Amino acid sequence: MATRKFNINIRDYGIVFVLLIEVLLFAVMRQQFFTMSNMITVIRQAAIVCICGVGMLFVLITGGIDLSVGWMMSATGMLAAYLMTTTSLNPLVICLLVFIVMIIIGGMIGTIISVLHIAPFIVTMAFMNVLKGFAFLITNGKNVYGLPESFNYIGQGYIGPIPVKIILMSFAMLILWFVLNKAYVGRHFYAVGSNEEASMLSGINVTATKISTYMISSFFATFAGLVMLARIKTASPTTGNGYEFDVITACVVGGVSMTGGAGRVYHVLVGSLIIAVLNNGMIIMQVSEYVQIIFKGIILLAAVIYDEVQKSRAMKVKA
């Protein structure tokens, strides 16, 4: 029992030590890395990945995957910016409309996956291309400028010394932590990811649960897309390109299982910080962008292998 508890603690909290070691290594190699301004920059960079990641968490917990989130962020930014610069609608109303559109798309993705039983990888990859085309189609691939300052506040503003985007990230994490850990429905997501057939027999609506996860993922991808749009104050069709990889890597590196049934909100936070520290540190060290991609690919592969090894050991212990 003591050994099992120790293994659980290593799995759950060992990744925090990885984060600390990563920070120390970059601090030793480059003095300008470990400064207050750069640490705030790292957290701000992690915020967007984390906001999108907490939505991805629900999909991964139920054994799915959502490759469309990066281009959903791009489509969100392009649609919101286009409406803000071509209509007289209030930015808040526009944001609500964009949320509705993207959540509907998330519902379509979830319905095709859960009702037609098509692999999530295929469906979300198809929608990734649909959203990519949509992002370019809105303005024929042109960037959009001149967003309202009231909207830009959510990406660049501060409340006291704290950036608004960090407060938004914390708020999102708190809500989803409550749903997964305190609300009764939170158990349904873990149950479906652990054993779909047993979940059905216990009365859980598996189809509705899986559809809801893709709607949640779409909601938070849209949320992240709006925050990113407000941060850079310019909408570009390629803004979210590649973010799906960072989001999935952050989740898996943090400790969320790719095979479902395991994962916590704080895993996403720690994983997002690890990716942000890695990106920031390698930029300061002037590492080539292509080498950065290789590093992140190796890290994701290592995290998936580690997850599989842990699951195999757990199955042997039960046997």
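# Briefing: helices, core and side-chain pairs

Leu20 is found in helix H1, which covers residues 2–29, and this residue is a convenient place to begin reading the model, which is a predicted one. At 46% relative accessibility, Leu20 counts as partly exposed, because a residue is called buried under 20% and exposed over 50%, with partly exposed in between. Together with Val16, Phe17, Ile21, Leu25 and Met29, Leu20 makes a nonpolar surface patch of about 570 Å². The points below turn to the core, the aromatic rings, the salt bridge and two loop residues.

**The nonpolar core**

- The largest nonpolar core has 92 residues, and those with the most contacts inside this core are Met73, Met102, Phe151, Leu180 and Phe220.
- Helix H2, made of residues 36–61, gives the most to this core, with 16 residues.
- Once its neighbours within four places in sequence are left aside, Met102 is in contact with Met72, Ala75, Thr76, Leu79, Leu131, Phe134, Ser218 and Thr222.

**Aromatic rings**

- A pair of aromatic rings is described by two values, the distance of the centres and the angle of the planes.
- A search of the whole structure finds seven aromatic pairs, and one of them is formed by Phe58 and Phe189, whose rings are edge-to-face, with 5.0 Å from centre to centre and 90 degrees between the planes.
- This pair links distant parts of the chain, since Phe58 belongs to helix H2 and Phe189 to helix H8 (residues 186–194), and the two are 131 residues apart.
- Both Phe58 and Phe189 are buried.
- Trp71 and Phe136 form an aromatic pair that is tilted, with 6.1 Å from centre to centre and 40 degrees between the planes.
- Trp71 lies in helix H3 (residues 69–86) and Phe136 in helix H5 (residues 120–137), so this pair ties together parts that are 65 residues apart in sequence.
- The two partners of the tilted pair can be described separately: Trp71 is buried, with a relative accessible area of 5%, whereas Phe136 counts as partly exposed, at 32% relative accessibility.
- Phe99, Phe219, Phe220 and Phe223 form one aromatic cluster, and Phe220 is also among the residues with the most contacts inside the largest nonpolar core.

**The salt bridge**

- Side chains of opposite charge can pair when their charged atoms come close.
- The structure holds one salt bridge, which Lys210 forms with Glu196, the closest N and O atoms being 3.1 Å apart.
- The salt bridge links distant parts of the chain, with Lys210 in helix H10 (residues 206–232) and Glu196 in helix H9 (residues 196–201), 14 residues apart.
- Lys210 is buried, with a relative accessible area of 16%, while Glu196 is partly exposed, with a relative accessible area of 33%.

**Two loop residues with positive phi**

- His117 lies in the loop between helix H4 (91–115) and H5, and its phi is near 60 degrees, which is a positive value in a residue other than glycine.
- At 67% relative accessibility, His117 counts as exposed, because this value is over 50%.
- Asn140 is found in the loop between H5 and helix H6 (149–156), and this residue has a positive phi of about 55 degrees although it is not a glycine.
- Asn140 is exposed as well, with a relative accessible area of 66%.

Definitions and conventions
Residues numbered from 1 in each chain as written. Predicted model: local features only at pLDDT ≥ 70, side-chain atom pairs only at ≥ 80, totals over all residues. Heavy atoms only, no water. Core = buried A, V, L, I, M, F, W, Y, C linked by side-chain atoms within 4.5 Å. Buried < 20%, exposed > 50% of the residue type's maximum accessible area, 1.4 Å probe, protein only. Helix = DSSP H or I, 4+ residues; strand = E, 2+ residues; numbered from the N terminus. Contact = heavy atoms within 4.5 Å. Phe/Tyr/Trp six-rings, centres within 6.5 Å; stacked < 30°, edge-to-face > 60°. Patch = residues over 30% accessible without salt bridge, like charges linked within 9 Å, V, L, I, M, F, W, Y side chains within 5 Å. Areas by Shrake-Rupley, 256 points an atom, 1.4 Å probe, with all protein chains shown as cover. Salt bridge = Lys/Arg side-chain N within 4 Å of Asp/Glu carboxyl O.
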